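The exercises below ask you to read a protein chain from its overall make-up down to single residues. Work through each task with the structure open before turning to its solution.

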Amino acid sequence: MRSRRSLSSSNGRRSIRSRHAAVAGVAALAAALSACSGGSDSGDDAKAEKPKVSVNLTGSQAEAGVPVTVKLATEDTKLKDVAVADAEGTKLAGKVAADGRSWTSARRAAPGTSYTVLATTDKGGEAKKAFKTAAPEKVNKVTITPGSNLKTVGVGQPLSIVFDHPVKNKAEVEKHLKVTTSNDTTGSWGWIKNYDGKDRVDWRPQEYWKSGTKVELDAQLNGVDSGADGGWFVRDYDTAVTVGKNQVVKVNLDNKTATLTRDGKTVKQVPMSAGTPGGEKASWGGTSVLMAKEGTINMRSETVGLGDSYDKMVDYSMRLTWSGMYAHAAPWNASYFGNTNHSSGCVGMSTSDASWLYGQVQVGDPFEVTGSGSKGTPDPGNGYGEWNLSWADWQAKSALKSAS
């Protein structure tokens with residue numbers, strides 16, 4: 001009997017302990033739930049209301065080429081910031097209006113691009129939107145000179161942009177081309193036709209560049225419509241160069257000499273023979289700019305409309321125009337150097353003199369051709385012939401000047 005009572009007493013104590021544990025557990029759970037409930041209420045109070053915003057561009061076929069506008073509909077709050085970014089994270093700069101009720105991008109939405117919009121308010125609320133612009137039917141691309149492979153240029157080198165397709169909206173395109181110089185150089189854009197007939201716009205200083213000038217071009221064309229038959233620009237472009245030594249090559253058709261000057265002083269004068277006067281073989285006069293140092297090339301007369309006059313491998317070739325005027329070595333013309341202009345339009349020198357000049361000149365150096373017997377001055381698009389126009393005439397070729 002003592003044994004049964006002992007067992008019964010032990011079970012009773014375990015039962016009491018279990019009931020106490022259960023009660024304690026329920027109390028703890030209730031306390032925990034109460035604590036969680038209290039924290040949630042506190043968070044809801046602190047959480048800002050989601051603002052109501054609208055975006056002028058919506059869907060997957062939104063209009064390209066227009067600024068993005070975000071408007072706030074929620075009362076008693078203001079926009080603090082708006083971020084509009086493409087899939088690569090590139091953001092459109094913009095500004096919140098003075099009343100805090102709207103935001104407008106400074107740049108235009110580019111075609112065929114997905115954008116996300118994140119708007120935040122002064123009370124900490126956030127709203128997200130997304131849209132994609134319609135893909136372009138045609139894309140206009142450009143070629144910029146000087147390109148990224150050329151870091152130093154001569155004092156006559158313009159900034160030049162050639163377009164793949166026609167540009168009807170010239171003034172609008174020109175607005176998006178920004179030139180920055182280290183010394184506030186005065187210059188102007190001018191629209192011309194490239195030698196191949198494509199639209200082209202060049203930025204030329206009023207006078208030759210000053211040596212040491214640092215030049216940057218920022219062509220913010222992404223999202224700009226070039227007009228009928230031209231297509232859209234779908235990217236930005238940039239380039240930067242430094243102006244090198246102040247050099248000019250002076251070609252005198254009367255004295256039959258070519259003289260390299262540096263900082264206005266003669267470095268060396270060499271005898272030469274230029275184009276035969278009186279016809280298509282005459283040299284171009286006026287100012288041309290060294291476009292490229294092409295080295296040894298095959299020159300064939302048929303490529304410049306002179307039949308089968310010549311077909312030669314020519315050393316130390318320095319291109320001056322698209323139409324085929326060069327300065328180069330011409331040992332076959334040695335008897336004419338310094339006394340007779342008797343070439344097919346180029347400036348020919350001895351091999352040693354051409355080698356020396358080739359080693360001295362920079363792309364962008366002006367070649368100033370003076371004297372009698374030339375066939376006039378080259379068109380601005382035939383190389384870089386804009387230096388043959390007065391400053392006033394060049395300024396008049398700006399689409400913004402002519403539109404004002």
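A residue counts as buried when its relative accessible area is under 20%, as exposed when that area is over 50%, and as partly exposed in between. The model in these exercises is predicted.

**Exercise 1. Describe the chain as a whole.**

Task: state how many helices and strands there are in the chain, and what share of its residues count as buried.

Solution. Begin with the secondary structure, where the chain has 5 helices and 24 strands. Next apply the cut-off given above, by which 42% of the 404 residues count as buried. Then turn to the surface: the chain exposes about 20,700 Å², and carbon and sulfur atoms supply 49% of that area. Finally, consider the contacts between residues at least 6 apart in sequence, of which 64% join residues at least 24 apart.

**Exercise 2. Map the nonpolar cores.**

Task: find the residues with the most contacts inside the largest nonpolar core, and name the elements that give two or more residues to this core.

Solution. The largest nonpolar core has 25 residues, and those with the most contacts inside it are Val-142, Ile-161, Phe-163, Val-173, Leu-177 and Leu-221. Two or more residues each come from β8 (142–145), β10 (159–163), β12 (187–193), β13 (199–205), β14 (214–219) and β15 (237–243). As a second step, follow Ile-161 outwards: setting aside residues up to four places away in sequence, Ile-161 touches Val-142, Thr-143, Ile-144, Leu-177, Trp-189, Asp-199, Arg-200, Val-201, Asp-202 and Leu-217. A second core, separate from this one, has 23 residues, including Ala-258, Leu-320, Phe-367 and Val-369.

**Exercise 3. Examine the annotated positions.**

Task: determine which residues the UniProt annotation "active site" covers, and whether each of them is buried or exposed.

Solution. In the unreviewed UniProt entry, the annotation "active site" covers His-328 and Cys-346. These positions are spread over 19 residues of sequence, yet they cluster in space, with a largest C-alpha distance of 7.5 Å.

Now take the residues in turn. His-328 is found in strand β22 (residues 326–329), and because its relative accessible area is 5%, His-328 is classed as buried. Apart from neighbours within four places in sequence, the contacts of His-328 include Met-299, Tyr-316, Met-318, Cys-346, Met-349 and Ala-354. Cys-346 is found in the loop between β22 and β23 (347–349), and its relative accessibility is 7%, so Cys-346 counts as buried. With the same neighbours left aside, Cys-346 is in contact with residues that include Ser-273, Ser-283, Tyr-326 and His-328. The two annotated residues are therefore buried, and His-328 is in contact with Cys-346.

**Exercise 4. Characterise the aromatic and charge–ring arrangements.**

Task: describe how the rings of Tyr-208 and Trp-387 are arranged, and where in the chain these residues lie.

Solution. A pair of aromatic rings is described by the distance of the centres and the angle of the planes. The count for the chain comes to 6 aromatic pairs. In the pair formed by Tyr-208 and Trp-387, the rings are 4.9 Å apart centre to centre with 75 degrees between the planes, an edge-to-face arrangement. The pair links distant parts of the chain, as Tyr-208 is in the loop between β13 and β14 and Trp-387 is in the loop between β24 (366–370) and α4 (391–395), 179 residues apart. Tyr-208 counts as partly exposed because its relative accessibility is 28%, whereas Trp-387, at 13%, is buried.

Elsewhere, Phe-163, Trp-191 and Phe-233 form one aromatic cluster. To finish, look at two lysines: the charged end of Lys-293 sits over the ring of Tyr-358 at 5.0 Å from its centre, and Lys-312 lies over the face of Trp-332, 4.7 Å from the ring centre.

**Exercise 5. Inspect the backbone.**

Task: locate the cis peptide bond between Thr-145 and Pro-146, and compare the settings of Asp-76 and Lys-256.

Solution. The peptide bond from Thr-145 to Pro-146 is cis, with omega near 0 degrees, and Pro-146 is found in the loop between β8 and β9 (152–153). For Asp-76, phi is near 55 degrees, a positive value in a residue other than glycine. Lys-256 is not a glycine either, and has a positive phi of about 55 degrees. Asp-76 is placed in the loop between β2 (67–72) and β3 (79–86), while Lys-256 lies in the loop between β16 (247–252) and β17 (257–262). At 65% relative accessibility Asp-76 counts as exposed, whereas Lys-256, with a relative accessible area of 17%, is buried.

Technical notes
Residues numbered from 1 in each chain as written. Predicted model: local features only at pLDDT ≥ 70, side-chain atom pairs only at ≥ 80, totals over all residues. Heavy atoms only, no water. Core = buried A, V, L, I, M, F, W, Y, C linked by side-chain atoms within 4.5 Å. Buried < 20%, exposed > 50% of the residue type's maximum accessible area, 1.4 Å probe, protein only. Helix = DSSP H or I, 4+ residues; strand = E, 2+ residues; numbered from the N terminus. Contact = heavy atoms within 4.5 Å. UniProt positions renumbered as here; feature names shortened; annotations may be inferred. Phe/Tyr/Trp six-rings, centres within 6.5 Å; stacked < 30°, edge-to-face > 60°. Lys NZ or Arg CZ within 6 Å of the ring centre and 35° of its normal. Areas by Shrake-Rupley, 256 points an atom, 1.4 Å probe, with all protein chains shown as cover.
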